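Please read the following report with the sequence and the model side by side, and look up each residue as it is named. The text goes through a few selected places in turn.

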Amino acid sequence: MSKRTAAKYKIDRRMGENIWGRAKSPVNRREYGPGQHGQRRKGKMSDFGTQLRAKQKLKGYYGDLTEKQFRRIYAEAERVRGDTGENLIGLLERRLDAVVYRAKFVPTIFAARQFVNHGHVEVNGQRVNIPSYRVREGDVISIRERSRQLAIVLEAVGLPERDVPDYLEADHNKMTATFVRTPALGDVPYAVHMEPNLVVEFYAKN
């Protein structure tokens, strides 16, 4: 369903990591980056490079958000009391497309964005077609009745690659999920190590 399959796999190869833990990721076969210079020997990365990479990896994970979108979310995380890195993760995980993906209603975060855009999702009984819509604790996210037998939904529910995290309560018989609480970094089932502290350092210096 996602139109961004190529972009998704390019992100994996650019990072040299299977950031979504997908069995079909090309990184499972070749760890070097894409393009004619992808196999060059990797030198030691600078602090700036390490921070930039952490930012690009986290930004890419959530459907390759634009820099403007990601910077706006970061600015909000910075304004909220508490640890900015943890706040950033919490805000990203409260996006409706992220919740739809975490609940295993679709197979990828890219598909989640398109699925929400096409009006297949309801929040507390009201249709919402904005992927960046921010859910709140206690909100009930559901797949519209006429969309529940779509192949993409049935495929995702049966995927063995990942489980629904405990900050969501999902009922795949009713195709609903309740957002129980805002997660901390340690609660989020990333397939690879994410470093929001380096993202904070990157924006603090740039």
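## A report on selected places in the chain

His 118 counts as partly exposed, because its relative accessibility is 48%. This residue of the predicted model lies in the loop between H6 and strand E1 (121–123). His 118 and Asn 129 are eleven residues apart in sequence, and their C-alpha atoms are 6.5 Å apart in space.

The helix before this loop gives another picture. Eight of the nine residues of helix H6 (residues 109–117) are buried, so this helix is largely enclosed by the rest of the structure. The buried residues of H6 are Ile 109, Phe 110, Ala 111, Ala 112, Arg 113, Gln 114, Phe 115 and Val 116. H6 is followed by Gly 119, which has a positive phi, near 80°.

**The chain as a whole**

The chain has eight helices and five strands, and from the N terminus on these elements run α-α-α-α-α-α-β-β-β-α-β-β-α. Of the 206 residues in the chain, 48% are buried. If one takes the contacts in the chain between residues at least 6 apart in sequence, 61% of them join residues at least 24 apart.

**Helices H2 and H8**

Two packed helices are described by the angle between their axes and the distance between the axes. Helix H2 (residues 47–61) and helix H8 (residues 196–205) pack at an angle of about 115°, and their axes are 8 Å apart. The crossing in which H2 passes H8 is left-handed. On the side of H2 the contact is made by Phe 48, Thr 50, Gln 51, Leu 52, Ala 54, Lys 55 and Leu 58, while H8 contributes Leu 198, Val 199, Glu 201, Phe 202, Tyr 203 and Lys 205. Sorted by kind, the residues of this contact between H2 and H8 are eight nonpolar, two polar and three charged.

H2 itself has 15 residues and reaches 21 Å from its first C-alpha to its last, which is close to the 21 Å expected at 1.5 Å a residue. The buried residues of H2 are Gly 49, Gln 51, Ala 54, Lys 55, Lys 57, Leu 58, Lys 59, Gly 60 and Tyr 61. H2 is followed by Gly 63, whose phi is positive, near 85°.

**Tyr 190 and its surroundings**

Which residues are in contact with Tyr 190, once its neighbours within four places in sequence are left aside? They are Leu 58, Tyr 61, Tyr 62, Ile 89, Glu 93, Arg 102 and Leu 185. Tyr 190 is placed in the loop between strand E5 (176–179) and H8, and it counts as buried because its relative accessibility is 14%, where the cut-off for a buried residue is under 20%. Tyr 190 and Tyr 61 are 129 residues apart along the chain, and yet their C-alpha atoms are separated by 9.1 Å. With Tyr 62, the side chain of Tyr 190 forms a polar contact of 2.6 Å.

**Positive phi outside glycine**

Most residues other than glycine have a negative phi. The table lists two residues of this chain that are not glycine and have a positive phi.

| Residue | Phi | Place | Relative accessibility |
|---|---|---|---|
| Asp 64 | near 55° | loop between H2 and helix H3 (67–79) | 22%, partly exposed |
| Met 175 | about 55° | loop between strand E4 (168–171) and E5 | 6%, buried |

Asp 64 counts as partly exposed because its relative accessibility is 22%, whereas Met 175, at 6%, counts as buried.

**Val 140 in strand E3**

The last place is a residue in a strand. Val 140 is found in strand E3 (residues 140–143) and counts as partly exposed, because its relative accessibility is 32%. Apart from its neighbours within four places in sequence, Val 140 is in contact with Glu 122, Val 123, Asn 124, Thr 176, Ala 177 and Thr 178. The C-alpha atoms of Val 140 and Glu 122, which are 18 residues apart along the chain, are separated by 8.1 Å.

Conventions: Residues numbered from 1 in each chain as written. Predicted model: local features only at pLDDT ≥ 70, side-chain atom pairs only at ≥ 80, totals over all residues. Heavy atoms only, no water. Axes fitted to C-alpha atoms, helices over the stretch in contact; angles between N-to-C directions. Helix = DSSP H or I, 4+ residues; strand = E, 2+ residues; numbered from the N terminus. Left-handed = near helix turned anticlockwise from the far one by under 90°. Contact = heavy atoms within 4.5 Å. Nonpolar A, V, L, I, M, F, W, Y, C, P; charged D, E, K, R; others polar. Buried < 20%, exposed > 50% of the residue type's maximum accessible area, 1.4 Å probe, protein only. Polar contact = N/O pair within 3.5 Å; in protein donor to acceptor, adjacent residues only side chain to side chain. Expected span 1.5 Å × (residues − 1).
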